[in-house]
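Thanks for sharing this one. Here are a few notes to read alongside the structure.

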Amino acid sequence: MRIGKYQLDNNLILAPMAGVTDRPFRELCRKQGAGLAVSEMLSSNPRVWNSTKSKLRMDYHDESGIRSVQIAGADPLAMANAAQLTVQLGAQIVDINMGCPAKKVNKKKAGSALLPHPELVKAILESVVDAVDVPVTLKIRTGWDPENRNGLEIAQIAEQAGIQALSVHGRTRQCLFKGEAEYDTIKAIKESITIPVIANGDITSVEKAKYVLDHTGADAIMIGRGAQGAPWIFNEINHYLKTGQYAPCLAQMEITEILLNHVQALHGFYGDVMGPRIARKHVGWYLQEQDRLGNFKRKFNAIENSSEQLNALETYLNQL
């Protein structure tokens, strides 16, 4: 898998997810076998760039691996300026968000709200590609509703505009994350363009990863929610694709080490106030199976102190 001049270690990519794919999680997923980890989206609105949230999202200049940074917006010039800023801060790939279905993004005519407007899509893509000297990629959905799947049209516009790789989530904007992802549209897109196509949506197991790659003919797959609480899914899929065999299950001791290191990284990145709060959702994902009644979750979420939180988690994990 290659994006412009960058050769990925494999064809497994961590999807950009707001509030999830922060620097600690990207670093973790790369260690667990992701060939590329895409950042949370940065708004193209310069008025928010000085906020604490945006500054944390801009912290990637010395990050390991290939640095792919996603931007979101609806104005071609603002998007070009945002792309240039990310490159100045160390981005090696700029990814454009036209797939997010969230209301707060769509009400600004950004994300997947752009899909019904191919002329504006074209203008944004050309503006960003012309503004930077690094590869530009694009993430879309199959269309804006099941009756209007225009992903094929958008894909062809993207290729003509100079986009270096295209990620496609197998749902429309209207579908949000409901129902099951469909892959026939991704297959049709792959057959219609020559740039790399990355299939996304509902890839939560090694079997599903193999099926999606085979069915769509995609060059790579992108995993989002499937990595929440299970970042080792990348190593598992890598092993399965290479050998046709299942990777040995991680020992509880290994999972404990991964989880504790992740929580420590969150504390270090966000600080003693925000760190414990951000850690709560990740720990909840990790322990969905072990803590089905949520007894530990309730106790853990009440802890504000980072060292107390880590001690409580270590004690609980050692009892498993």
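The points below go from the overall fold to single residues.

1. Please keep in mind throughout that this is a predicted model. The protein has 12 helices and 10 strands. Its radius of gyration is 19 Å, close to the 20 Å that the globule rule gives for 320 residues, so the protein is as compact as a globular protein of that length.

2. On overall dimensions, the C-alpha atoms fill a box of roughly 55 × 45 × 35 Å along the principal axes. Of the 320 residues, 57% count as buried.

3. On the surface, have a look at the positive patch, which is formed by Arg47, Lys53, Lys104, Lys107 and Lys108. One of these residues, Lys104, lies in helix H4, which covers residues 103–106. Lys104 has a relative accessible area of 56%, and because this is over the 50% cut-off, Lys104 counts as exposed.

4. Leu176 deserves a glance at its backbone: its phi is positive, at about 50°, although Leu176 is not a glycine. The residue sits in the loop between strand E8 (165–169) and helix H7 (184–192). With a relative accessible area of 33%, Leu176 is partly exposed.

5. Asp202 is another residue other than glycine with a positive phi, here near 65°. You will find Asp202 in the loop between strand E9 (197–200) and helix H8 (206–216).

6. To go back to the backbone points together: Leu176 has its positive phi in the loop that follows strand E8, and Asp202 has its own in the loop that follows strand E9.

Conventions. Residues are numbered from 1 along each chain as its sequence is written. This is a predicted model: local features need pLDDT of at least 70, side-chain atom pairs count only at pLDDT 80 or more; totals for chains, interfaces and linings use all residues. Side-chain values use heavy atoms; hydrogens and water are left out. Patches are made of residues with over 30% relative accessible area and no salt bridge: like charges are joined within 9 Å, nonpolar side chains (Val, Leu, Ile, Met, Phe, Trp, Tyr) within 5 Å. Accessible areas come from the Shrake-Rupley method with a 1.4 Å probe; for residues, only the protein chains shown count as cover. A salt bridge is a side-chain nitrogen of Lys or Arg within 4 Å of a carboxyl oxygen of Asp or Glu. Lys and Arg count as positive and Asp and Glu as negative; His and the chain ends are not counted. The place of a charge is taken as NZ of Lys, CZ of Arg, CG of Asp or CD of Glu. Helices (H or I, at least four residues) and strands (E, at least two) are DSSP runs, numbered from the N terminus. Buried means under 20% relative accessible area, exposed over 50%, partly exposed in between (1.4 Å probe, protein chains only). The radius of gyration is taken over C-alpha atoms; the globule rule is 2.2 Å times the number of residues to the power 0.38.
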